[in-house]
Amino acid sequence: MYTQNALLDMHERCHRTFAKLLEHCTTLTEEELHRELDGFGYPTIQAQLHHVISAEKYWTGVICGRMDAEDTQAQYPTVASLQAFRSEVAQLTQDCIRGIAEEALNAARPMKTWGDKDVELVPALVCLRPLTHAYHHQGQVLAMCRLLGKPANGFDFPLT
């Protein structure tokens, strides 16, 4: 059984790491942030970062009965704008988790997903989905940074 406190702790740890990654990305030039690199589903670092944040917004919306799936990538062209977007979405998710009783967090219920599909999902697991997703894309962003000559490390799930 997942508790609100456990989900909020994991969420905070993930966002702490993601904020650190965004801070590293302030060392990139505008050209580097938007340079297309072969071999990545989202070909620019800016697109990767935006995708992570907007995916969390989408899944939080699913839990709360909203369809937050609009394409807003062009609204966040800079690292500073992505940092603000991350903070906004992190707060939305925290508020969502706090607004669900613990029994309801662990009980499957119908939720509306992309394509107007009704799917039985467990809210706690939906909360975890964007966190695992974020680490996948953080790895891709770090690989892209290495390709641009701006390597970094220390972005694993924080243990302390």
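**Core, hairpin and aromatic pairs**

Leaving aside neighbours within four places in sequence, Ile 45 is in contact (heavy atoms within 4.5 Å) with Cys 25, Leu 28, Leu 33, Val 141, Met 144, Cys 145 and Leu 148. This is a predicted model, in which local features need pLDDT of at least 70 and side-chain atom pairs count only at pLDDT 80 or more, while totals for chains, interfaces and linings use all residues. Residues are numbered from 1 along each chain as its sequence is written, and side-chain values use heavy atoms, with hydrogens and water left out.

**Nonpolar core**

- The largest nonpolar core (buried Ala, Val, Leu, Ile, Met, Phe, Trp, Tyr and Cys residues joined through side-chain atoms within 4.5 Å) has 40 residues, of which Leu 21, Cys 25, Ile 45 and Leu 49 touch the most other members.
- At least two residues of this core come from each of α1 (4-25), α3 (45-64), α4 (79-98) and α6 (123-147), where helices are DSSP runs of H or I with at least four residues, and strands are runs of E with at least two, numbered from the N terminus.
- The most is given by α6, with 10 residues.

**Aromatic pairs**

- The structure holds three aromatic pairs, meaning rings of Phe, Tyr and Trp (its six-membered ring) with centres within 6.5 Å, where planes under 30 degrees apart count as stacked, over 60 as edge-to-face and the rest as tilted.
- The rings of Tyr 76 and Phe 85 are stacked, because their centres lie 4.1 Å apart and their planes are at 10 degrees.
- Tyr 135 and Phe 157 form a tilted pair, with ring centres 6.3 Å apart and planes at 55 degrees.

Technical notes:
Buried < 20%, exposed > 50% of the residue type's maximum accessible area, 1.4 Å probe, protein only.
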